[in-house]
Amino acid sequence: MKRLIPRLEQDNVEIELILLIKTILTACKEISFRVGQGALSNVLGSTLDENIQGETQKKLDVISNQLLKDMLLESGKVRTIASEEEDYVVAATDDAPYIVAFDPLDGSSNIDINGQIGTIFTIYRANNEVPAESELQFAQPGSEQVCAGYVLYGPSTMLALTTGGPSRLYTLDKTQGCFLLTTETLTIAAETAEFSLNMANFHQWSSGFSHYVNDLLLGENGVRGKKFNMRWNGAMVGDMHRVLSRGGIFCYPNDESKPAQPAKLRLLYEANPLAMLVENAHGKAYTEHERILSIQPTHIHQRVAVIMGSANEVDTCLAYLK
Ligand code: P6P
């Protein structure tokens with residue numbers, strides 16, 4: 001099996017970016033080990049702190065964030081860092097070529113129940129027109145990402161990665177400590193019979209979206225004319241790994257009961273990187289009305305509705321929302 005670095009070299013990825021990806025994955029290998037230790041190394045449970053999202057920080061959230069931040073600060077390749085666990089951007093190396101954003105441990109509510117969790121990351125070119133300490137470094141639409149990926153800490157530790165070409169899957173060989181190419185080209189089938197959403201929010205959705213879900217539930221007895229199945233992981237990275245691996249549609253629509261903050265998922269370090277992976281696997285990634293990768297960001301922690309996966313099913317869902 002081909003190792004990650006030769007595959008990236010074959011894809012003509014510039015050496016500086018390859019070295020930065022290696023740095024991120026070095027941190028993720030350490031996170032994989034810590035996650036795997038679980039209760040054996042006192043990393044479960046919560047801290048007494050909340051992040052800017054108002055979420056209680058898990059011990060592993062803090063450990064993972066610190067590992068990634070420390071390694072990126074030392075790399076010399078990163079001008080500015082943004083993280084779900086950092087209130088503000090962190091200035092790193094002044095004239096470095098790239099900026100990096102990450103969710104250090106997506107789905108951390110799954111940590112204490114040994115559920116799937118993962119690290120989501122995205123890389124852009126630094127902006128020479130704004131200071132390294134400015135949040136405006138990340139005022140770039142998702143279409144400007146030069147790399148997007150996640151590392152999923154599941155039964156195996158897997159990396160999904162795109163650097164502009166096909167989305168590919170790698171599996172961590174824990175004996176050699178390297179990621180081996182296990183899926184050369186991910187392709188999401190245009191049709192699916194599997195949807196992924198949190199049904200507990202049914203009464204907070206728009207009438208269009210709840211109509212769409214109602215027709216999914218009616219299955220072969222309704223207008224859709226086929227049976228659908230549902231999966232909900234509680235971790236976007238786990239649900240989206242299934243969608244990338246076998247198709248499906250993942251939805252986190254707006255909550256109409258929260259007009260001040262209707263969306264839940266974060267654009268910069270959740271929706272955009274996964275949208276790039278999905279589009280480079282021939283899927284679609286939208287909010288309730290626009291292509292995610294076209295959104296001009298206004299804030300590093302801004303939230304968006306998410307509807308992504310099998311292209312034809314995304315189109316069908318969006319038609320209910322028009
Ligand atoms: P709910 C995890 O906290 C997360 O940000 C996503 O990874 C996940 O899809 C979603 O929230 C789960 O939200 O409301 O179902 O707990």
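**Ligand shell and largest pocket**

The ligand is surrounded by 13 residues, and D106, N198, W232, M236 and Y252 come nearest. A residue counts as near if one of its heavy atoms lies within 4 Å of the molecule. The model is predicted: local features need pLDDT of at least 70, side-chain atom pairs count only at pLDDT 80 or more, and totals for chains, interfaces and linings use all residues. Residues are numbered from 1 along each chain as its sequence is written, and side-chain values use heavy atoms, with hydrogens and water left out.

Polar side chains approach oxygen atoms of the ligand. A polar side-chain atom of Y252 lies 2.6 Å from a ligand oxygen. For D106, the distance from a side-chain N or O atom to an oxygen of the ligand is 2.7 Å. For N198, a polar side-chain atom is 2.9 Å from a ligand oxygen. The protein covers 81% of the 400 Å² of accessible area that the ligand has on its own (Shrake-Rupley method, 1.4 Å probe).

The shell around the ligand comprises six nonpolar, three polar and four charged residues. Here Ala, Val, Leu, Ile, Met, Phe, Trp, Tyr, Cys and Pro count as nonpolar, Asp, Glu, Lys and Arg as charged, and the others, Gly among them, as polar. Strands β13 (249–252) and β14 (265–266) each supply at least two shell residues. Strands are DSSP runs (E, at least two residues), numbered from the N terminus.

The ligand occupies the space of the largest pocket. A pocket is an open set of points on a 1 Å grid over the protein atoms alone, where a 1.4 Å probe fits, with protein on both sides within 12 Å along at least five of seven lines; lining residues have an atom within 4 Å of a point. This pocket holds about 420 Å³ of space, a volume being the space filled by probe spheres set on the points.

Its lining has 24 residues, with D106, G107, S109, G234 and K264 nearest the centre. Seven lining residues are nonpolar, seven polar and 10 charged. β2 (56–58), β5 (98–106), β13 and β14 each supply at least two of them. β5 gives the most, three residues.

Conventions. Polar contact = N/O pair within 3.5 Å; in protein donor to acceptor, adjacent residues only side chain to side chain. Sits in = over half its atoms within 2 Å of the grid points. Helix = DSSP H or I, 4+ residues; strand = E, 2+ residues; numbered from the N terminus.
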